[in-house]
Amino acid sequence: MKYVSTRGQAPELDFEEALLTGLARDGGLYVPASWPRLSQDEIAGFAGKSYVDVAQAVMTPFVEGAISAEELKAMLAEAYASFGHRAVTPLKQMGDNDWLLELFHGPTLAFKDVAMQILARLFDHALKGKGRRLTIVGATSGDTGSAAIEAFRGRDAIDIFILHPKGRVSEVQRRQMTTVLDDNVHNIAVDGSFDDCQALVKAMFNDMTFRDEVGLAGVNSINWGRVMAQIVYYFTSAVALGGPARPVSYSVPTGNFGDIFAGYVAREMGLPIDKLIVATNVNDILARALNSGRYDVGTVTPTISPSMDIQVSSNFERLLFDVCDRDGPGVERMMQQLQQSGGFGIPEGALTKARTCFAADRADEAETNAMIRRANETTGELVDPHTAVGLAVAERHRGDASIPMVTLATAHPAKFPAAVEAASGLTPALPPRMADLFEREERLDECANDLKAIEDFIRARSRVAAA
Ligand SMILES: *Cc1c(COP(=O)(O)O)cnc(C)c1O
């Protein structure tokens, strides 16, 4: 498979180069040159197969030519052995035809583990034999950072630097990052918001001198490998609920549009998905964009679902590219407008196309709190605030009751104990393997929201720059 940039100006790359490159050199994101299709028979054949076997079938067309079947299988088996549930991403029934897809059974309790555990192994595989070293730099609103640090800790050829907005991640999230003391792990608390952190990372990728000097690589959801890994659980869950004979709808708590874009790819690959519902908190740029046709950046409001406190949603560019018939220069113009004036209009035809499969809405803090409470009263489940946003929006867009509605449970409630307790009066317990999290030693550095200062910090510590 070849990979092309959403802005049409960067060179085409093969899978491993796209993986290691992250952001394309024209500022765009890499996507496969075409969507592979699976036949309805192939999809039906996933019934009864293990998560790893389905993952192998779904990922194979994307990695063809780069990774052998045996190597892929071994990496997948190792990645998902770290999960605390045999099904990896189990379904739980919440109502007559309403389901939760639990994506939080990985080592750091959020869905980011599903992708990051395999991503680290794909990176290792790509670097092995090339004798290359890399410096991974990422921005996190809390969950990506901990998942990445856990997956990349102790790896020989990779240093990892994670920027988080100081004081704006939960204490569990922070400690999951800062208590990992491996030499190749560096936590930076930035005086700013998540969008500031993300802008700093983008600026580092656009600083070609720095980029080459430290061998910069990214694991934010702009990395195609992340999206690829997330396609799998749409297939496993749909098939478990009667797919492909029966369509399924999904409500996806959304921030950077990576998780839900994976659902779009599953649909393009042939999985019958009825609706993909973009569920946002009050930081609702995506809900506004899909409903009004204008993508206008506002200011970030901190909420109890901080992993979705985002105004600039990177992966939306991948959807734009596809619904604009892969018009790279057109996407480039929209992104320039965004840069210059803080917004752009989505072309009519593209918007119509997006609306054939996407719906979008938001849930405010009161609705989110009420949903945490109600879910517990009616089903006995404690859900985290992100999942509650998904459930609240799913309820409002329920539609045809015969179509299963699956809400993605993106984090374990114990990752956000304060918010869950305030809403429900109940304290979710950390799983036993993390019970001592609050006693572990922390290590982190603080930095101003300043590109040069952060680049200097990384230069001084990256083993690539030193070599
Ligand atoms: C990252 C995250 C999201 C948002 O996912 P995107 O792929 O960025 O849309 C939602 N919920 C939780 C718990 C997350 O960690």
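This is a short tour of selections to make in your viewer, with a note on what you will find at each stop. Keep in mind that the model is predicted.

**Stop 1: the sheet near the start of the numbering**

Select strand S1, residues 2-5, together with strand S2, residues 13-14. The two run antiparallel and are joined by 2 bridges. To see one pairing up close, show Tyr-3 and its bridge partner in S2, Leu-13. Now add strand S3, residues 30-32. You have an open sheet of 3 strands in the order S2-S1-S3, with antiparallel pairing. S2 and S3 are the edge strands, each pairing on one side only.

**Stop 2: helix H3**

Next, select residues 51-63, which make up helix H3. Its 13 residues should span 18 Å at 1.5 Å a residue, and the end C-alpha atoms are 18 Å apart, so the two values agree. Look along the helix for Ala-57, where H3 bends by about 30°. A proline, Pro-61, follows within four residues of that bend.

How many of the 13 residues of H3 are buried? The count is 10, so the helix is mostly covered. Among the buried residues are Tyr-51, Gln-56, Met-59 and Phe-62. Step just past the end of the helix to Gly-65, which takes a positive phi of about 90°.

**Stop 3: the largest nonpolar core**

Show Tyr-80, Phe-123, Phe-152, Trp-224, Tyr-234 and Phe-235 as sticks. Of the 114 residues in the largest nonpolar core, these touch the most other members. Helix H10, residues 224-240, supplies the largest share of this core, with 11 residues.

Centre the view on Phe-152 for a closer look. Beyond its neighbours within four places in sequence, Phe-152 is in contact with residues including Met-116, Leu-119, Phe-123, Ile-136, Asn-184 and Val-219.

**Stop 4: Thr-178**

Move to helix H7, residues 171-178, and pick Thr-178. Is Thr-178 buried or exposed? Its relative accessibility is 0%, so Thr-178 counts as buried. Leaving out residues up to four places away in sequence, Thr-178 touches Asn-187, Glu-441, Glu-442, Arg-443 and Leu-444.

**Stop 5: a parallel pair of strands**

Finish with strand S11, residues 273-280, and its partner S14. These strands run parallel and are joined by 5 bridges. Find Leu-276, which stands opposite Phe-358 in S14. Then colour S14, residues 358-362, by burial: 4 of its 5 residues are buried, so the strand is largely enclosed by the rest of the structure.

Methods: Residues numbered from 1 in each chain as written. Predicted model: local features only at pLDDT ≥ 70, side-chain atom pairs only at ≥ 80, totals over all residues. Heavy atoms only, no water. Expected span 1.5 Å × (residues − 1). Bend = angle between axes of the 7 residues up to and from the residue. Buried < 20%, exposed > 50% of the residue type's maximum accessible area, 1.4 Å probe, protein only. Core = buried A, V, L, I, M, F, W, Y, C linked by side-chain atoms within 4.5 Å. Contact = heavy atoms within 4.5 Å. Pairing = 2+ DSSP bridges.
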